[in-house]
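Colleague: I'd like a close look at one part of this protein, the sheet and the core that goes with it. Could you walk me through that part and set it in the context of the whole chain?

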Amino acid sequence: MPKVTINDKEVEVPAGTTILDAALDNEIKLDHNCGGNCACSTCHVIVLEGMENLSEMSEDEEDMLDSAVGLTLESRLACQCKVSGPIKIKIPEKKKI
Ligand code: FES
């Protein structure tokens with residue numbers, strides 16, 4: 001099973017699990033205001049390692065990601081990417097704007 005490291009916590013999840021589910025199933029707090037429907041950007045995460053082990057980004061994800069706070073080139077929406085191998089991600093701190 002792929003290893004997913006979220007902030008500093010390491011968990012193992014079945015291949016095909018989304019990062020959002022990996023976090024929630026392991027009691028890691030990750031915002032998901034739209035309930036994982038690619039309709040917000042609160043589940044924004046930054047991929048530190050293993051981008052190649054995530055499912056490809058859809059156009060919908062790309063559009064929605066544009067409104068994420070603190071967007072980086074390594075940003076993804078946690079509810080939209082499925083894990084197929086080891087990855088390491090960071091949940092960005094939420095800044096008030
Ligand atoms: S939870 Fe809303 S886009 Fe992921």
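**The sheet and the core**

Modeller: Let's begin with the overall layout. The protein has two helices and five strands, and this is a predicted model. Going along the sequence, the elements come in the pattern β-β-α-β-α-β-β. The radius of gyration is 12 Å, close to the 13 Å from the globule rule for 97 residues, so the protein is as compact as a globular protein of that length. Its C-alpha atoms fit a box of roughly 35 × 25 × 25 Å along the principal axes.

Now for the sheet. Five strands make up an open sheet, and their order is 2-1-5-3-4, with mixed pairing. At the edges sit strand 2 (9–12) and strand 4 (75–77), each of which pairs on one side only. On average, neighbouring strands of this sheet are turned by 35° against each other, if you ignore direction. As general background, strands of a sheet pair through backbone hydrogen bonds, either parallel or antiparallel. Strand 3 and strand 4 run antiparallel and are joined by three bridges. If you want a spot to click on, take Ile46: its bridge partner in strand 4 is Ser75.

On to the core. The largest nonpolar core holds 19 residues, and Ile19, Leu20, Ala23, Cys43 and Ala78 are the ones with the most contacts inside it. At least two residues each come from strand 1 (3–6), helix 1 (19–25), strand 3 (44–49) and strand 5 (87–90). Helix 1 is the biggest giver, with four residues. Ala23 is a good one to zoom in on: leaving aside residues up to four places away in sequence, Ala23 touches Ile6, Ile28, Leu30 and Ala78.

How does that fit the whole chain? Buried residues account for 27% of the 97 residues. Of the contacts between residues at least 6 apart in sequence, 64% join residues at least 24 apart.

For contrast with the core, have a look at Asp63, which is in helix 2 (residues 59–65). Asp63 counts as exposed because it has 11 C-beta neighbours inside 10 Å, and the cut-off for exposed is 12 or fewer. From the C-alpha atom of Asp63 to that of Ser41 is 9.8 Å, with the two residues 22 apart along the chain.

Note on methods
Residues are numbered from 1 along each chain as its sequence is written. This is a predicted model: local features need pLDDT of at least 70, side-chain atom pairs count only at pLDDT 80 or more; totals for chains, interfaces and linings use all residues. A residue is buried if 20 or more other C-beta atoms lie within 10 Å of its own, exposed if 12 or fewer, and partly exposed in between; C-beta atoms are placed from the backbone. A nonpolar core is a set of buried Ala, Val, Leu, Ile, Met, Phe, Trp, Tyr and Cys residues joined through C-beta atoms within 7 Å. Two residues are in contact if their C-beta atoms, placed from the backbone, lie within 7 Å. The radius of gyration is taken over C-alpha atoms; the globule rule is 2.2 Å times the number of residues to the power 0.38. Two strands pair if DSSP finds at least two bridges between them. Axes are lines fitted to C-alpha atoms, for helices over the stretch in contact, and angles run from 0 to 180 degrees between N-to-C directions.
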